[in-house]
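Reader: I would like to learn how to read a structural model feature by feature, with the general idea stated before the particular case. Could we go through one together?

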Amino acid sequence: MGSLSLFAVLVAAVAVPSSAICADDGGFPTADQVGGEVFPDGLQPGDTFPGDVVLYDAESNETTFGKLAQGKRTLLTFFITAAPASVAELKAIESTVGAAPELNVIFANSDLVGNALFGGAQTQLAETVRTVGIVKTEGGLTTPMYVAPNNVYAPDGLSNRLGFRGLPTSYLISADGKVERTFVGTREWTPADFEKVEE
């Protein structure tokens with residue numbers, strides 16, 4: 001398969017929920033469509049990370065961030081399967097986080113696939129879970145991986161609620177649920193990134 005046709009498949013595989021499609025031209029959402037802010041400030045250090053953020057596991061079972069963190073200091077990384085750089089970041093995190101074995105690490109895919117290729121919106125979660133499983137296996141990753149559906153057009157959609165616009169985005173969250181640091185985009189990870197922030 002040529003690079004152009006592979007690119008076309010990847011583009012077609014990335015889908016937003018049918019309810020998320022803009023009614024006019026399908027472009028980037030307007031401020032009104034996302035509740036007034038196209039680029040919300042997002043979570044800042046010291047803010048409480050919402051424990052009710054919904055995640056789906058490898059069997060498509062629903063859980064929440066709060067249940068997975070359970071009072072543990074956690075690094076939560078949102079990524080997108082369709083972007084190789086985003087997926088590569090997961091391996092980089094795994095390679096570095098060994099220096100902080102007490103850290104709870106969670107990877108969450110924040111796109112949905114399958115709308116156009118595999119039968120419509122009703123297949124999105126299952127196909128996304130399957131795709132995440134393939135990424136985990138092919139990448140030799142050991143960190144638990146979840147699906148975190150996002151609707152960029154909804155004011156309460158994940159990216160609007162948390163205020164992230166780039167993937168990958170990682171949140172370092174304290175045991176009591178407070179955001180310590182936010183990392184946007186790819187980076188050269190070092191053990192110092194996971195050190196506790198002095199107050």
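**Reading the model feature by feature**

Author: Let us begin with a single loop residue: Ser60, with a relative accessibility of 29%, counts as partly exposed. Ser60 lies in the loop between strand 2 (54–56) and strand 3 (62–64), and the model in which we find it is a predicted one.

Reader: What is the sign of phi at Ser60, and how should I read it?

Author: As a general rule, most residues other than glycine have a negative phi, and most peptide bonds are trans. Ser60 departs from that rule, since its phi is positive, at about 70°, although the residue is not a glycine. Gln70 is another such case, a residue other than glycine with a positive phi near 40°. Gln70 belongs to the loop between helix 2 (65–69) and strand 4 (74–79), and with a relative accessible area of 59% it is exposed.

Reader: Is the peptide bond from Leu167 to Pro168 cis or trans?

Author: That bond is cis, with omega near 10°. Pro168 is placed in the loop between helix 5 (158–162) and strand 8 (169–173).

Reader: Which way do the side chains of strand 8 point, and are they buried or exposed?

Author: The general idea is that in a regular strand the side chains alternate between the two faces of the sheet. In strand 8, Thr169, Tyr171 and Ile173 point one way while Ser170 and Leu172 point the other way, and all of them are buried. Because five of the five residues of strand 8 are buried, the strand is largely enclosed by the rest of the structure.

Reader: Which strands pair with strand 8, and in what sense?

Author: Strand 4 pairs with strand 8 in the antiparallel sense over five bridges, and in that pairing Phe78 stands opposite Thr169. Strand 8 is also joined by five bridges to strand 9 (residues 179–184), again running antiparallel, with Ile173 standing opposite Val179. Strand 8 and strand 9 form a hairpin with five residues between them, and in the turn Gly177 has a positive phi of about 85°.

Reader: Turning to helices, what span should helix 3 have, and what does the model give?

Author: Helix 3 (residues 84–97) has 14 residues, which at 1.5 Å a residue should span 20 Å, and its end C-alpha atoms are 20 Å apart, so the expected and computed values agree.

Reader: Which residues of helix 3 are buried, and what do they pack against?

Author: An α-helix has 3.6 residues a turn, so residues three or four places apart point the same way. In helix 3 the buried residues are Ser86, Val87, Glu89, Leu90, Ile93, Glu94, Thr96 and Val97. The buried residues of this helix pack against strand 4, strand 5 (104–109), helix 4 (124–139), strand 7 (145–147) and strand 8.

Reader: How many aromatic pairs does a search of the whole structure find, and why does the pair of Trp189 and Phe194 count as stacked?

Author: A pair of aromatic rings is described by the distance of the centres and the angle of the planes. The search finds six aromatic pairs. For Trp189 and Phe194 the ring centres are 5.5 Å apart and the planes lie at 10°, so this pair is stacked. Trp189 is buried, at 9% relative accessible area, and Phe194 is buried too, at 2% relative accessibility. The charged end of Arg187 sits over the ring of Trp189, 5.3 Å from the ring centre. Elsewhere, ring pairs link Phe49, Phe65, Phe78, Phe164 and Tyr171 into a cluster.

Reader: What is the mean pLDDT of the chain, and where does pLDDT stay under 50?

Author: The mean pLDDT of the chain is 81, and 74% of its residues reach 70 or more. Over residues 1–26, however, pLDDT stays under 50, and for that stretch the model has 31 contacts beyond four places in sequence.

Reader: How many helices and strands are there in the chain, and what part of the chain is buried?

Author: The chain has five helices and nine strands, which follow the pattern α-β-β-β-α-β-α-β-β-α-β-α-β-β along the sequence. Of its 199 residues, 45% are buried. Among contacts between residues at least 6 apart in sequence, 64% join residues at least 24 apart.

Methods: Residues numbered from 1 in each chain as written. Predicted model: local features only at pLDDT ≥ 70, side-chain atom pairs only at ≥ 80, totals over all residues. Heavy atoms only, no water. Phe/Tyr/Trp six-rings, centres within 6.5 Å; stacked < 30°, edge-to-face > 60°. Buried < 20%, exposed > 50% of the residue type's maximum accessible area, 1.4 Å probe, protein only. Lys NZ or Arg CZ within 6 Å of the ring centre and 35° of its normal. Helix = DSSP H or I, 4+ residues; strand = E, 2+ residues; numbered from the N terminus. Expected span 1.5 Å × (residues − 1). Contact = heavy atoms within 4.5 Å. Pairing = 2+ DSSP bridges. pLDDT = per-residue confidence, 0-100.
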